[in-house]
Amino acid sequence: MIILGIETSCDETSAALVEETGDAARPWRIRSNVVASQVAIHREWGGVVPELSARQHVRDICGVVERAMADGGSPAIDAVAVTQGPGLVGSLLVGLSFAKSLAWARGVPLIPVHHLAGHIESLVLEGGEMPLPAVVLVVSGGHTSLYRIIAPGSYDLLGRTRDDAAGEAYDKVAKLLHLGYPGGPVIDRLARDGNDRAVPFPKMRLTHADRNAPHLPGRRDFSFSGLKTAVRRHVTARRAETGLTSGDPLSPRETADICASFQRVVVETLLDRVFDAASWYQAQAVGIAGGVSANSRLRSDAAARGGSKGIPVFVPGLALSTDNAAMIAAAGLRRFRQGVGAPVEINAEASLAL
Ligand code: KG4
Ligand code: ZN
């Protein structure tokens, strides 16, 4: 079986062909995965502009799907999987409408996919089935959510951010430091030369409820707005002390130290929660997916913690960590095998529960 995946929830137009292998350990194989990024367009505005995103998807979708089909050997497809939500509604509608038309024209089923299920299944797509139960963190520009997986394809929400997503915090701190958009990759790079103890930014604290009822959903939430505010206060104070205006960058040394100190707190906050949940639920594996899983420190610290606890850690390769359609096709194959198909009337959902 070969499935075409389509993803347009945010600022990447992507199409991919994924096929079943028949091998239980490695159920899926990528035949093609084409991603047209809109980053250059949104960079000018310091973040994703929904209207521009939707219009660019309209321009790119035909060419991206044609290339994914050609790269994958132009096979007959058995189904079309598409991101139904969550995401920018105008952007989602481009991919969804295209997928509906194609599925109808080819007479194959249409399979709606939750964007975060795609990120979770990117782990299986590359690493093979995870030993279960597993605890998986999806951490991106729009989401920071922790799930427990007891059975393949079923995801229990353990907690999520109460304010900013971790990637959003990276992007906002980068903006504050005049480092451009998106902020994650540049902060990751600059932090390598910084002292991660230079600035004692506050770490998110466990609340009473967290300590008293660690097994309850909602007790494993995240919060990054306090950290972001602390970075802003620190940068404003340092600019004042050194006679700089808000338009001036701090020195490269000081910028690197702020990046490293900020990144240490983000990574520790994320991994404390992940490994705390993993031991509570006796997880056999930990997974970290989504754009921020590309972060070098998050990857190395997660591997080190997993190693010391004897828990295997799954992360996608860099190409599958940010938004792509191969992960949507993989999640679509899983749903198809579970008997999920959709009527042609389905709509895009900006906020969709998993
Ligand atoms: O998954 P993704 O491509 O899109 C969403 O669904 O949001 O994630 C994009 C986010 C951005 O906030 C970006 O700054 C962040 O992932 N990101 C990183 C790194 N690479 C991308 N954050 C930290 N370190 C990185 N190396
Ligand atoms: Zn994403």
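Let's start at the zinc ion, ligand 2. Three protein residues donate to the zinc ion: His 115 through NE2, His 119 through NE2, and Asp 323 through OD. They lie 2.1 Å from the metal. Keep in mind that this is a predicted model.

What is the geometry of the zinc site? It is irregular. The site has four donor atoms, and the angles among them run from 93 to 148°. To count as tetrahedral, four donors need all angles between 85 and 135 degrees.

Now look along the sequence. The spacing of the donor residues reads H-x3-H-x203-D. Take the two histidines. Why are His 115 and His 119 separated by about one helical turn? Because they sit four residues apart in helix α4, which covers residues 115–127.

Are these histidines buried or exposed? His 115 has 4% relative accessibility, so it counts as buried. His 119 has 0%, so it counts as buried too. The cut-off for buried is under 20%.

Next stop, Ser 261. You will find Ser 261 in helix α9, residues 252–280. Its relative accessibility is 0%, therefore Ser 261 is buried. What does its side chain reach? The backbone oxygen of Asn 195, at 3.3 Å. That pair falls within the 3.5 Å limit for a polar contact.

Who else touches Ser 261? Set aside the neighbours within four places in sequence. Then Ser 261 is in contact with Asn 195, Asp 196, Arg 197, Ala 198, Val 199 and Phe 201.

Last topic: the sheet. This is an open sheet of five strands, with mixed pairing. Read across it, the order is β3-β2-β1-β4-β5. Which strands are at the edges? They are β3, residues 28–37, and β5, residues 110–114. Each of these pairs on one side only. On average, neighbouring strands are turned by 20° against each other, direction ignored.

Zoom in on one pair. Strand β1, residues 2–7, runs parallel to strand β4, residues 79–85, and four bridges join them. Within β4, Ala 79 stands opposite Ile 3.

Now add the helices. Helix α2, residues 50–71, packs on the sheet. Helix α2 touches β1, β2 and β3, and its direction makes about 25° with that of β2. Helix α12, residues 325–337, packs on the sheet as well. Helix α12 touches β1, β2, β3, β4 and β5. Its direction makes about 45° with that of β2.

That's the tour. Thanks for listening.

Note on methods. Residues are numbered from 1 along each chain as its sequence is written. Chains are lettered from A and ligands numbered from 1 in the order in which they are written. This is a predicted model: local features need pLDDT of at least 70, side-chain atom pairs count only at pLDDT 80 or more; totals for chains, interfaces and linings use all residues. Side-chain values use heavy atoms; hydrogens and water are left out. Donors are N, O and S atoms within 2.8 Å of the metal (3.2 Å for Na, K and Ca); water is not among the atoms, so sites may look incomplete. Four donors count as tetrahedral if all angles lie between 85 and 135 degrees; four count as square planar and six as octahedral if opposite donors are over 155 degrees apart and all others between 65 and 115; anything else is irregular. Helices (H or I, at least four residues) and strands (E, at least two) are DSSP runs, numbered from the N terminus. Buried means under 20% relative accessible area, exposed over 50%, partly exposed in between (1.4 Å probe, protein chains only). A polar contact is a pair of N or O atoms within 3.5 Å; within protein, one must be able to donate a hydrogen and the other to accept it, and residues adjacent in sequence count only if both atoms are side-chain atoms. Contact means heavy atoms within 4.5 Å. Two strands pair if DSSP finds at least two bridges between them. Axes are lines fitted to C-alpha atoms, for helices over the stretch in contact, and angles run from 0 to 180 degrees between N-to-C directions.
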